[in-house]
Amino acid sequence: MTQTLTLTYQYRIKDRSTALKQSLMSLSSKVNYVWNYINGLQQQLLAKNQAGYLFHYWLNQTEFDAFTSGTSKLLKLPAQTIQAITKEYVTRRKQFNKPYLKFRTNKKNRSLPWIPFKAQDIRLDDKGTFTFCGLKLKT
């Protein structure tokens, strides 16, 4: 019987470089743009459902992925990141049992900036730095 070991790394990026902060905030605003887009789609579907059209009530992740396909080139985000955003949206919507969620902004003291990524989107160096979307980040 073989056992597998899974390692999970969690990094919090704190760098004093203002250019890096601006780049990360730019990426997080693109993430918020995708979140707000799929939230708007859900609200439009809800409005059409209340107007008498016969649609199912909540969109699932694969339907959101179909709506957001091709936006990775426009937003310059990896497609896996956009899929992770839709997965997180569907998870949180089911968790709180709401038809739609709040819109996200990067304003101070509002929603925290976050950039989801998967292992294939980053490259980790021997020096402890990793690269995501062309940004070299130190841990």
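**Exercise 1. Backbone outliers**

In which loop is N97 found? Determine also what is unusual about the backbone of N97 and of K76.

*Solution.* The model is predicted, and local features are considered where pLDDT is at least 70.

Step 1. N97 is found in the loop between α4 and β1.

Step 2. Most residues other than glycine have a negative phi. N97 departs from this pattern, with a positive phi near 55° in a residue that is not glycine.

Step 3. K76 likewise is not a glycine, and its phi is positive at about 60°. The location of K76 is the loop between α3 (71–75) and α4.

Step 4. The exposure class follows from the relative accessible area, for which exposed means over 50%. N97 has 60% and is therefore exposed. K76, at 63%, is exposed as well.

**Exercise 2. The aromatic pairs of W35**

Classify the ring pairs that W35 forms with Y89 and with W114, and state which parts of the chain each pair links.

*Solution.* Step 1. Ring centres must lie within 6.5 Å, and planes over 60 degrees apart count as edge-to-face. By this rule the count comes to 4 aromatic pairs.

Step 2. The centres of the W35 and Y89 rings are 5.1 Å apart and the planes stand at 80°, so this pair is edge-to-face. W35 belongs to helix α1 (residues 18–50) and Y89 to helix α4 (residues 79–96); the two are 54 residues apart, and the pair links distant parts of the chain.

Step 3. Buried means under 20% relative accessible area. W35 is buried because its value is 6%, and Y89 is buried because its value is 0%.

Step 4. For W35 and W114, the centre-to-centre separation is 6.1 Å and the angle between planes is 85°, again edge-to-face. Because W35 lies in helix α1 and W114 in the loop between α4 and β1 (122–124), this pair ties together parts that are 79 residues apart in sequence.

Step 5. Ring pairs join W35, F64, Y89 and W114 into a cluster. In addition, R104 lies over the face of W35, at 5.5 Å from the ring centre.

**Exercise 3. A salt bridge in helix α4**

Identify the residue with which E88 forms a salt bridge, and describe the setting of the two residues along the helix.

*Solution.* Step 1. The structure holds 1 salt bridge. The partner of E88 is R92, with the closest N and O atoms 2.8 Å apart; the cut-off is 4 Å.

Step 2. E88 and R92 are 4 residues apart in helix α4, which means that about one helical turn separates them.

Step 3. Partly exposed covers the range between the buried limit of 20% and the exposed limit of 50%. E88 has a relative accessible area of 28% and is therefore partly exposed; R92, with 29%, is partly exposed too.

**Exercise 4. A nonpolar surface patch**

Name the residues that make the nonpolar surface patch, and decide whether L5 is buried or exposed.

*Solution.* Step 1. The patch is made by L5, L7 and Y9, and its area is about 420 Å².

Step 2. L5 is placed in the segment before α1. Its relative accessibility is 74%, so L5 counts as exposed.

Note on methods. Residues numbered from 1 in each chain as written. Predicted model: local features only at pLDDT ≥ 70, side-chain atom pairs only at ≥ 80, totals over all residues. Heavy atoms only, no water. Phe/Tyr/Trp six-rings, centres within 6.5 Å; stacked < 30°, edge-to-face > 60°. Buried < 20%, exposed > 50% of the residue type's maximum accessible area, 1.4 Å probe, protein only. Lys NZ or Arg CZ within 6 Å of the ring centre and 35° of its normal. Patch = residues over 30% accessible without salt bridge, like charges linked within 9 Å, V, L, I, M, F, W, Y side chains within 5 Å. Areas by Shrake-Rupley, 256 points an atom, 1.4 Å probe, with all protein chains shown as cover. Salt bridge = Lys/Arg side-chain N within 4 Å of Asp/Glu carboxyl O.
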